[in-house]
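Got a model open and a few labels you'd like justified? Let's take them one at a time.

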Amino acid sequence: MHRRMVFNLLRAVGAILLTLAVVRATTFAQSHGVIPGTGVRLTKVGDDFEDEEWSYVFNNPKSSEEQDGQVRLPGGYSTNRRWSESAKRGHPDLIRRVPTPEGGLPGSEGSLLLASRATGVPGRWSNSLQQDDFLLNIRSTMGAIPVSARPSIVVRVFVPPFEKFLDYSAASFALRADVVGTKSSGWNAKSEPYWPGMFIVFNSETDRQHAEDSAFLRIRANSRGHDFAGPQITPGWWTLGMSFTPDGRVHYYARQGVENLTRDDYLTSQSPYGFTCTHLNTVMFNIANRDDGRWSTPWIIDDVEVYLLRNPSSTASEQGVFRLK
């Protein structure tokens, strides 16, 4: 009898602890969204850059629709068809597979170097801050992903030593998402694209406002469309992630190192520009400089991954991946 009582007591305590854990996890998910990297990794999109034959076809001159309305086709693309040029702003001028820097993901031998020199209209220097885009082919491969599938994106980014940054204070690199959302306007709700993300901003010691070189994450954006400062960024590997949930919010995560993101790496949840997010179209990386003939800061990315949580109300494939229409 005594043993049975002890067993029943332990079982009851275990049930209570499990319930509390579920409640805590549910509460966290409701307030902080999905931890990027949770669920099923999509194999049709994303890239680990381990293929030694990885290459990119530039098809220059590149597009500059944002600056002068010119879309110069055919656009650039990677030979594995997972990446493409942005018609809006063009691709980085240097896109090359390189050996993974020290401290990267265990077993990783290849990463991708991105840098730009002419970020504006080809053949014409603007001497103003401009950016190129490097697009991950999600929508063209499998269609827009509804936020009901709770998609998330994760990437490892190698932040170079500060002495390799261009010596002026400005945004240099960004992880962005191309999403669609709705916003109420009077009696109507209009659907529009917008581009939330995280920028790595450099503060140069040559700028009188800063006593020494430093960098930080800048989050885009709050409900009014204003960017705001996130954590300080130091040289070395960082893991960045974003997730998108059925309540229409965007969730931002970051941690130093290459380990998987956890709840401790949560930064913020926002409804950028007042939009309610409905679909994830694609992921992109921005490379910026002053378009003055000097090369941008060199950036290296690795293991770009897209995840979905299984949606119990949806038809799933044999792998449990949400079937996209």
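What follows is a short round of questions and answers on this predicted model.

Q: Why is Ser78 called buried?
A: Its relative accessible area is 0%, and buried means under 20%, so Ser78 makes the cut. You'll find Ser78 in strand 3, residues 77-78.

Q: What makes the link from the Ser78 side chain to the backbone nitrogen of Trp83 a polar contact?
A: The distance is 3.1 Å, and the cut-off for such a pair of N or O atoms is within 3.5 Å. The same side chain also reaches the backbone nitrogen of Arg82, at 3.3 Å, which fits within 3.5 Å too. Leaving aside neighbours within four places in sequence, Ser78 is in contact with Trp54, Ser55, Tyr56 and Trp83.

Q: Why does Asp303 count as buried?
A: Asp303 has 15% relative accessibility; the label needs under 20%, so buried is the word. Asp303 sits in strand 19 (residues 299-308), and its phi is near 45 degrees, a positive value in a residue other than glycine.

Q: And why is Phe49 called buried?
A: Relative accessibility there is 0%, against a limit of under 20%, so Phe49 qualifies. Phe49 lies in the loop between strand 1 (40-41) and strand 2 (56-57), with a positive phi near 60 degrees.

Q: How do you know that the peptide bond joining Leu73 and Pro74 is cis?
A: Look at omega: about 0 degrees, and the bond is cis. Pro74 is in the loop between helix 2 (65-68) and strand 3.

Note on methods
Residues are numbered from 1 along each chain as its sequence is written. This is a predicted model: local features need pLDDT of at least 70, side-chain atom pairs count only at pLDDT 80 or more; totals for chains, interfaces and linings use all residues. Side-chain values use heavy atoms; hydrogens and water are left out. Helices (H or I, at least four residues) and strands (E, at least two) are DSSP runs, numbered from the N terminus. Buried means under 20% relative accessible area, exposed over 50%, partly exposed in between (1.4 Å probe, protein chains only). A polar contact is a pair of N or O atoms within 3.5 Å; within protein, one must be able to donate a hydrogen and the other to accept it, and residues adjacent in sequence count only if both atoms are side-chain atoms. Contact means heavy atoms within 4.5 Å.
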